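Here's a quick briefing to read alongside the model. Have the viewer open and follow along, topic by topic.

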Amino acid sequence: MNSECRPVQACVPTAVGVVPAMWAVLRRDLRVSLRQRQDLLNPLLFFVMVVSLFPLGVSPEVSFLQQAGAGILWVAALLSTLLSLDHMFRHDFDDGTLEQLVLQPQPLYLLVLAKTVAHWLVTGLPLVLVAPMLGVMVHLDGNSIAILCLTLLIGTPVLSFIGSIGAALTLGLRSGGVLLSLLIIPLYIPVLIFGTGTVNAAVGGAPVGAYLALLGAFLVLAMTLAPFASAAALRISLSNS
Amino acid sequence: MRLMWQFFHKLGSPKWFYGIAGRWLPWLLISGLILSLAGIVWGLGFAPKDYLQGNSYRIIFIHVPTAFLAQSIYIMMATAAVVTLVWRMKLADMFVRSVAPVGAVLTFLALFTGAVWGKPTWGTWWIWDARLTSMLILLFLYFGVMALAAAIADEKSSARAVAILVLVGVINIPIIKYSVEWWNTLHQPATFKLTEKPSMPAEMWVPLLMVVLGLYLLFGWLAFVRMQTEILYRERRTQWVKAFVRP
Amino acid sequence: MSEQNASAPLLQAVDLYCERDDRILFQGLGCSIVPGTLTRVEGPNGSGKTTLLRILAGLHGGFEGEVLWRGESRDASRESFLRNLLYIGHRPGVKALLTPLENLRALMSGRRELDDARLVDALERSGLSGFTDIPCQHLSAGQTRRVALARLVLSDEPLWILDEAFTAIDHDGVAGLEQLLASRVAQGGAVIVTTHHALALPGMRRIRLGQESHCEF
């Protein structure tokens, strides 16, 4: 029994600060992901396979691939993220971890922010890391590949953040996966447009600093607003269970 | 202030709203029909020809009002979503649910008429014009709202979840519009703008305005009818509905 | 009630009304949770025991009425309320891929900073000696539940809400848990439980759900 304070009622439980609590959430999520290596690998394999469908299904011609390459990679990254979103809260929901997260004294949106960052680290970041290889396979030149990776680096976290809203809204619903895609795809369009547009501008030799800054603005916006919406949606989904 | 609160409170009562809506319905329908029919007949039959596009431009008397209304319905839904989240008013949620399909149909009509217009103007049914593309994405947003509304069984959870989605959507609409326009300049500068030219003669814009207003009134009528149905369904276990349905 | 116990109620429910799938679970339900008491929520399956606990814990929002924390609106003093609440639900919040030690560390991480020795000690006292480093997917249901219950040993929250606390726990475990609850109550803690187990502690209060929901003190 707790020997430090009795009677129990007299003690005021101290809470851990916000930052350590966010760290703890992040660390636990990463640890769980690392215990399921295959799950880590799946979105990545999906990404590679989807990209390889385009030369096979449309055209392996160098000129086509150079022109469409950035778009192909971006669409594949988007689909791959979309597939992984369903897991974002599902396991936590099933085993009760999510209830405990909601009942932590720290603000929920910050804890959700930490969870989303964890999601990006295990699904988005690997995509950015293999993108150069795929960039070579679609005949992009070195500079374009660098810009492409940069746009993915800024853009994939936006995908995770916006996606977290959909994942939270569809939590616990039977039709989860497809519904989630329906809700989220329209919201992904601006990121997709600027992601590929920036690379295409770079291919055309135009300066891309302003476009990258705009993508950065998307990231800041998504990072500050999406966790609020996701936290609210999580409370609703839990309330419904 | 107190009066306003009372009004607000009353507005929260589905029974009160049901009665009020019933009294408004015939007026909305009649005035809406008269205005929009008159506008359409004037526009299609009597307004002058466009010196560039000839008669084919006349579809703007349908296209512009539907597109206009389709967009403003989403804004109205977002306003209702705020009311749902802040004051938890049932009627606001019923409004969102009732008008989302209406918005989707109007968006589709705007796209369809745009395509019909595109054929003689551009020589092709569909063109990835910035406005058309934005409307297409708006249609997707409507589909998302309808799908989520249908997926959650619990009334209260569904109301709040849909409200969040609508708000997230409305924050995204300007971003989507802006990025689609940027994307469009990157690929193909639009040859024709789909909406009015700056110097539109009164014989053109007056009927256009009439159709827009008429369509708003018809929308109001349809929204009220659909909300009444929704009210009867949701309040089916209350005394007043039982008494109303089986007098 | 306040004559017997000088201390003010921790948690009060006022005029709760809740329906689910067109069925009224309870209406006009009121109760107040005072320090140093154990309250058992009783009722047949589907009578809304879990829902009531989730409403009290602030997880379920689909109800009418009010829940007060130390006399104030719970939603207004949410942070203070959550710092004082320990809730263990049907689903215990234990991750199958993590070991009991990692799970307990994660569960406590938002509340108190504890060194591993304390955590291991708590797990051992909850009957998990020798299992602290084995991923929970290899443990039995009862053992998994004990991981969550190890939080009780470490808890300094004055209010416990335990849903089906005794599920899947073996005979000895139940006895130990009963003892833990009794001594907690004796120290001034407040406990709300649901259980199908024949729990009878002296001074136990009941909230009966079903045909006629009421509180019985």
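Let's start with strand β7 (residues 159-163) of chain C: five of its five residues are buried, so the strand is largely enclosed by the rest of the structure. Keep in mind that this is a predicted model. From that strand we'll move to the open sheet of chain C, then to the contact with chain A, and finally to chain A itself.

**Around β7 of chain C**

- Which residues point which way from β7(C)? L159(C), I161(C) and D163(C) go one way, W160(C) and L162(C) go the other, and all are buried.
- As background, side chains in a regular strand alternate between the two faces of the sheet.
- β7(C) pairs with β6(C) in the parallel sense, over four bridges. In that neighbourhood, look for L86(C), which stands opposite W160(C) of β7(C).
- Strand β8 (residues 190-194) of chain C is also a parallel partner of β7(C), this time over five bridges. Here L159(C) sits opposite A190(C) of β8(C).
- Put β7(C), α6(C) and β8(C) together and you get a right-handed β-α-β unit.

**The open sheet of chain C**

- Chain C has an open sheet of four strands in the order β2-β1-β4-β5, and the pairing is antiparallel.
- Why is one side of β2 (23-33) and of β5 (72-73) in chain C left without a neighbour in the sheet? These two stand at the edges, and each has a single partner strand, so one side of each has no neighbour there.
- Strand β4 (residues 64-69) of chain C runs antiparallel to β5(C), and two bridges join them. One bridge to find on screen is the one where W69(C) has E72(C), in β5(C), as its partner.
- Helix α1 (residues 49-57) of chain C packs on this sheet, where it touches β1 (11-20), β2 and β4 of chain C. The direction of α1(C) makes about 130° with that of β1(C).

**Where chain C meets chain A**

- The contact draws 39 residues from chain C and 33 residues from chain A.
- On the chain C side, α2 (78-83), β6 (85-88), α3 (100-109) and α6 (171-186) each supply at least two residues. That list brings back β6(C), a parallel partner of β7(C), and α6(C), the helix of the β-α-β unit.
- Which element of chain C gives the most to the side that touches chain A? That's α3(C), with four residues.
- Sorted by class, the chain C side has 14 nonpolar, 14 polar and 11 charged residues.

**Chain A**

- Chain A has nine helices and zero strands, which reads along the sequence as α-α-α-α-α-α-α-α-α.
- The C-alpha trace of chain A spans about 75 × 35 × 30 Å along its principal axes.
- Of the 241 residues in chain A, 52% count as buried.
- Take the chain A contacts between residues at least 6 apart in sequence: 80% of them join residues at least 24 apart.
- For a local view, try helix α4 (residues 87-95) of chain A, whose buried residues are M88(A), F89(A), D92(A), F93(A) and D95(A).
- What covers those buried residues of α4(A)? The cover includes α3 (62-85), α5 (97-102), α6 (108-137), α7 (142-169) and α9 (209-239) of chain A.
- Just after α4(A) comes G96(A), which takes a positive phi of about 90°.

Notes
Residues numbered from 1 in each chain as written. Chains lettered and ligands numbered in written order. Predicted model: local features only at pLDDT ≥ 70, side-chain atom pairs only at ≥ 80, totals over all residues. Contact = placed C-beta atoms within 7 Å. Nonpolar A, V, L, I, M, F, W, Y, C, P; charged D, E, K, R; others polar. Buried ≥ 20, exposed ≤ 12 C-beta atoms within 10 Å, placed from the backbone. Pairing = 2+ DSSP bridges. Right-handed = clockwise from strand over helix to strand, strands pointing away. Axes fitted to C-alpha atoms, helices over the stretch in contact; angles between N-to-C directions.
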